[in-house]
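Notebook open, coffee poured. I wanted to look up burial, the chain contact, the cores and the salt bridges, one entry at a time.

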Amino acid sequence: MDIFLDFLHTTGFAQMTLGNFAMIIIGLIFITLAITKDYEPLLLVPIGFGVVVGNIGYVDTMTLGVYDEGSVLNYIYFGVKQGIFPPLIFLGIGAMTDFSTMLSNPKLILLGAAAQIGIFLTLIGALYLGFTPEEAGAIGIIGGADGPTAIFLSAKLAPHLLGPIAIAAYSYMALVPVIQPPIMKLLTTREERLIRMSEPRVIGRRERIIFPIAAFLIAALIAPGSIALLGMLFFGNLLKESGVTERLANSARNALIDIVTILLGFSVGASTQAQTFLKPDSLLIFGLGALSFCVATAGGVLGAKFMNLFLKQKINPLIGAAGVSAVPDSARVVQMVGQQEDPHNYLLMHAMAPNVAGVVGSAIGAGILWSVMVK
Amino acid sequence: MGRNDVNFHFDVQNIIDGQGIDIAITGMVIVFFALSVISLFIAALPRILTVVAQKWPESEDRHGPAPSQTVLSAAPSDEMVAAIAITLHRRKGVA
């Protein structure tokens, strides 16, 4: 009987706290949103299930959780903690990204820079709330709307906040179709939303091959902190565009990125144990994350409007919203909002230019913050 | 680095102490600078390549077009098959 009672004490029912229960509900909401609403299912299903797994209670003497040295989950989480997974995801993103629209209209790259204001204004907000500069830098990067970049920088600057930052970054990325449209409509007139943009020019093979090498050299020499992320991004793109490494490019954009996404999503989800996750810090991080997304979106749209003051051939300011990265969801949102005004206005390919520029911009921003914070 | 206990202290002085404004301005300037240099390089690249191509013309691709160059897929679409079928049917009818 004693053995049975001891066993009962070790069950998840006995070890569960109200916090664990609340987190399991959150995990289930993620899974539901992914399946029923199609919100970033490739991310929210692994994260959601990871949240459920990570919040099953167990006795302290068992090494099961992501924070227990030597546990299986701890080994998987190693890739997150040491910032290994994000660059591998960037390799896959590079191997599937077509930079042609950006190459055909290089001024749109500046919209990817304008949207990064979300990172730096959130940093100021986080400092005001009492976070340390390192924590503020890690929280600010949520405004880059780039999950892997957010995880990479948090792992370097504030590993203890990695769980809430990763969950906030991916949650808001999934909510891009909800967060961005009201801001885009608020900051633009109907006439502006109706602007049609000219067809992009055809890009030659040499341009597409030279671009990833040159862009990496420029970005990495200016902000060496971005080497890991941008090195892998542009390496992946070179594999794709060289035309001689199709097998490697295929592996990077299919099998590799899928495997890493599964491991990253699951282990990040499992890192949200209620005991470490349900704190006032997390609530503030979520609040700041939402603010940073809104500011980044507004920054991109207003950046486009500012550019229009000097351009003869106006650009549709809606595409500025895609500068937040969140590839390709924010570009899709631009297309959707644009077509609400004019069903025959196809903005998707134009929005991809600031969208991929935003990825590069947020990685450079992360590199700058890392360089500045780690003296 | 970091904090285990909650100890929030909302104060503008935190921003000054953490050099928040300086970091934000420097960061934005560097991001704009880096992306502007990339943008200028991309804008200049076609002209550079035109000059290069005069000396070293771009040879035929030995490995076929890169994925982003591919316009048509190898397999015809359903619409294309239907169009071909209609054309053949009409020609047979006329003949």
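**Entry 1: a cut-off to keep at hand.** I count a residue as buried under 20% relative accessible area, as exposed over 50%, and as partly exposed in between. I also remind myself that this is a predicted model.

**Entry 2: two salt bridges, with burial.** I began with A:Glu246 and A:Arg253, whose side chains meet in a salt bridge at 2.4 Å, N to O. Is A:Arg253 buried or exposed? Its relative accessibility is 16%, so by the cut-off above A:Arg253 counts as buried. A:Glu246, at 29%, counts as partly exposed.

Next I looked up A:Arg201 and A:Glu207, which form a salt bridge with the closest N and O atoms 2.8 Å apart. Here A:Arg201 is partly exposed, with a relative accessible area of 35%. A:Glu207 counts as buried at 6%.

**Entry 3: a pair from distant parts of the chain.** I then turned to A:Glu341, which forms a salt bridge with A:Arg193; the closest N and O atoms are 2.9 Å apart. The pair links distant parts of the chain, 148 residues apart. I find A:Glu341 in helix α20 (residues 329-341) of chain A and A:Arg193 in helix α14 (residues 190-193) of chain A. Both A:Glu341 and A:Arg193 are buried. For the whole structure, over all chains, I noted nine salt bridges.

**Entry 4: the contact of the chains.** How many residues does each chain bring to the contact? I wrote down 61 residues from chain A and 47 residues from chain B. The area buried between chain B and chain A is about 4400 Å², and carbon and sulfur atoms give 75% of that. The rule finds zero salt bridges across this interface. It does find five residue pairs in polar contact there, both residues at pLDDT 80 or more.

On the side of chain B that touches chain A, the elements giving two or more residues are α1 (12-17) and α2 (20-55) of chain B. Which of chain B's elements gives the most to that side? I found α2(B), with 24 residues. Sorted by class, this side of chain B has 30 nonpolar, 13 polar and four charged residues.

**Entry 5: the cores.** I looked up the largest nonpolar core and found that it has 121 residues. Those with the most contacts inside this core are A:Ile364 and B:Ile38. Helix α21(A) gives the most to the core, with 13 residues.

What does A:Ile364 touch, leaving out residues up to four places away in sequence? In chain A, I listed A:Ala219, A:Ala223, A:Ser226 and A:Leu230. From chain B, I added B:Val31, B:Ala34 and B:Leu35. Another core, of five residues, lies apart from the largest one; among its residues are A:Leu91, A:Leu239, A:Ala249 and A:Ala252.

**Entry 6: a mostly covered helix.** My last stop was helix α10 (residues 133-140) of chain A, where six of the eight residues are buried. These are A:Glu135, A:Ala136, A:Gly137, A:Ala138, A:Ile139 and A:Gly140. What do the buried residues of α10(A) pack against? My list holds α9 (117-128), α11 (147-157), α12 (162-174), α19 (280-308) and α21 (348-373) of chain A. I had met α21(A) already, as the element that gives the most to the largest nonpolar core.

How values were computed. Residues are numbered from 1 along each chain as its sequence is written. Chains are lettered from A and ligands numbered from 1 in the order in which they are written. This is a predicted model: local features need pLDDT of at least 70, side-chain atom pairs count only at pLDDT 80 or more; totals for chains, interfaces and linings use all residues. Side-chain values use heavy atoms; hydrogens and water are left out. Contact means heavy atoms within 4.5 Å. Buried area is the accessible area (1.4 Å probe) that two parts lose on being put together, summed over both. A salt bridge is a side-chain nitrogen of Lys or Arg within 4 Å of a carboxyl oxygen of Asp or Glu. A polar contact is a pair of N or O atoms within 3.5 Å; within protein, one must be able to donate a hydrogen and the other to accept it, and residues adjacent in sequence count only if both atoms are side-chain atoms. Helices (H or I, at least four residues) and strands (E, at least two) are DSSP runs, numbered from the N terminus. Ala, Val, Leu, Ile, Met, Phe, Trp, Tyr, Cys and Pro count as nonpolar, Asp, Glu, Lys and Arg as charged, and the others, Gly among them, as polar. Buried means under 20% relative accessible area, exposed over 50%, partly exposed in between (1.4 Å probe, protein chains only). A nonpolar core is a set of buried Ala, Val, Leu, Ile, Met, Phe, Trp, Tyr and Cys residues joined through side-chain atoms within 4.5 Å.
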